[in-house]
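Q: Please take a close look at the salt bridges in this structure and at the parts they join. Then show me what lies around them.

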Amino acid sequence: MKKTLVLLGLALAVTLGFCGCGNEKSEEEIYEQLVRVEEKAKKIEDARLSIDQGFQEKWDLLKRKQAIANRAFSQSDYNATSKFLQEAEAAADWIMNCAEADEQYSVLQSRKRESNGTYAPKYASTIYAEAEKYEQQGQEAYEKSEFEEATRLYVLAANEYKKATSTASAFRAAVRVTNAAKEKADMVNASRWASAIHQEALSCLQRAVSANAQEKYDEALQSLDAAEGTFEKAEKEALRNALSHLIKSFIKIEEKDCYIGKYEVTQAQWKAVMGNNPAYFKGADRPVEMVSWNDAMEFCKRLNDAGLAPAGYKFSLPTEAQWEFAARGGNKSKGYEYSGSNDINEVAWHDGNSDNITHHDVGTKKPNELGLYDMSGNVMEWCLDTDGSYRVLRGGSWNLNAISCLVAFRCRNDPDYRRDFSGFRLALVPVQ
């Protein structure tokens, strides 16, 4: 009797299973499943993933299962419909998740290239290593077809590569700025004229390199900022010390409310400010030449920007009136033809005694009544004044005759005019 009841129970269970009783889904639920699969298939087609060689097998499976499910649905076989729709949806999810992982991997690779371009493996090594770890884990998940996990890891890797890029870029940018400040300090020989400050700047730079090597990125940037500021401080101090002779050697011209430089600007002084020496006839204490009016004005600007002028004054070129008044000896003038003498050879290097070069150091001839040197001869000197579109030159030069070295002689030229006989001297004038 018991055996008969067991057999009847099994038969009933099988019958109920085949008839779709028990966990059977409603027509509405099956329809929602059909729509969902159809939407996913359309997304795949719109994204043109259906023609991708790598997805072809899964796409064919999707369409085949979708077709079978549709037939089953039309026959009201909802269990079969649900089963085939699940298989179709699994294929669709596989394609979409794989495609998303592939897309994120492309983003990752792009950020990795950017990161390598900033030398992140060197300047942000810890962050870069973390990104590589996530990338490797993502590839392992991808190979297991765990695409969602692969995508998550690829996103983490891409973010770390981006972070490494930012960190390395910031460090390298700060290094560039600091090196530029160091170069400017080196140009004015800061190691000599501001040795203590220059050494402090070098120490800051070394601390930055050391901190970055230890992956203390914020500390490295702070040290670079400190180094930049200290190099700038060293540059300014070096300029002040290197040009102290120049700054102190001005003669006051009371009547013109200005000071005039005792000497023409030398090549050493020019190089200390501008970082180069354009002169044709080289010599540290010879007058700088091959400079235009614009060049001379830039020299003045740099001195003023460095804060080297005395309070209430600024560096400039002398006006013609200031220059001529000073050249004639000011209120001490004895009425000489040349600046300081009627004998040109006493006070000027000109074509008759210069051996065709800017001769020796500045200040080697006799000064004029005010103690100014080389106002006649050596190099012609730019003045501030304009004459139409031209600028004025005064004083004659080493390659011109005696007439051209007369105090009254003047000529003019373009503000960009440069020759091996064009130089200048400075004036200190009140700030307006």
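A: **Salt bridges and their surroundings**

E89 and K40 form a salt bridge, with their closest N and O atoms 2.8 Å apart. The pair links distant parts of the chain: E89 sits in helix 4, K40 sits in helix 2, and their positions lie 49 residues apart in the count. Both E89 and K40 are buried. This is a predicted model, so every value here is computed from predicted atoms.

Why can such pairs form? Side chains of opposite charge can pair when their charged atoms come close.

K40 has another partner. Its side chain meets that of D93 in a salt bridge, at 2.7 Å from N to O. K40 lies in helix 2 and D93 in helix 4, so this pair ties together parts that are 53 residues apart in sequence. Now compare the cover on each side chain. K40 has a relative accessible area of 17%, so K40 is buried, as the limit for buried is under 20%. D93 has a relative accessible area of 27%, so D93 is partly exposed.

Next, look at the two helices themselves. Helix 2 covers residues 27–46. Helix 4 covers residues 78–117 and has 40 residues. At 1.5 Å a residue, helix 4 should span 58 Å. Its end C-alpha atoms are 58 Å apart, so the span agrees with what is expected.

Helix 2 also carries charge on the surface. E27, E28, E29 and E32 gather there in a patch of negative charge. E28 is in helix 2. E28 has 58% relative accessibility, so E28 counts as exposed. Set that beside K40, also in helix 2, which is buried.

Now check both sides of helix 4. S76 is in the loop between helix 3 (56–74) and helix 4. S76 has a phi near 60°, a positive value in a residue other than glycine. With a relative accessible area of 46%, S76 is partly exposed. Just after helix 4 comes Y119, with a positive phi of about 60°.

Move along the chain to another salt bridge. The side chains of R425 and E381 meet at 2.8 Å, N to O. R425 lies in the loop between strand 7 (422–423) and strand 8 (427–430), and E381 lies in strand 4 (residues 380–387), so the pair ties together parts that are 44 residues apart in sequence. How covered are these partners, buried or exposed? R425 has 0% relative accessibility, so R425 counts as buried. E381 has a relative accessible area of 1%, so E381 is buried as well.

Strand 4 has a further point to check beside it. N378 is in the loop between helix 15 (344–347) and strand 4. N378 has a positive phi of about 70°, although N378 is not a glycine. At 0% relative accessibility, N378 counts as buried.

Some charged residues go beyond single pairs. E320, E324, R328, D387, R394, R410 and R412 are linked in a network of salt bridges. In total, the count comes to 21 salt bridges.

Back to the start, then. K40 in helix 2 pairs with E89 and with D93. Both partners are in helix 4.

Key: Residues are numbered from 1 along each chain as its sequence is written. This is a predicted model: local features need pLDDT of at least 70, side-chain atom pairs count only at pLDDT 80 or more; totals for chains, interfaces and linings use all residues. Side-chain values use heavy atoms; hydrogens and water are left out. Patches are made of residues with over 30% relative accessible area and no salt bridge: like charges are joined within 9 Å, nonpolar side chains (Val, Leu, Ile, Met, Phe, Trp, Tyr) within 5 Å. Accessible areas come from the Shrake-Rupley method with a 1.4 Å probe; for residues, only the protein chains shown count as cover. A salt bridge is a side-chain nitrogen of Lys or Arg within 4 Å of a carboxyl oxygen of Asp or Glu. Lys and Arg count as positive and Asp and Glu as negative; His and the chain ends are not counted. The place of a charge is taken as NZ of Lys, CZ of Arg, CG of Asp or CD of Glu. Helices (H or I, at least four residues) and strands (E, at least two) are DSSP runs, numbered from the N terminus. Buried means under 20% relative accessible area, exposed over 50%, partly exposed in between (1.4 Å probe, protein chains only). The expected span of a helix is 1.5 Å times one less than its number of residues.
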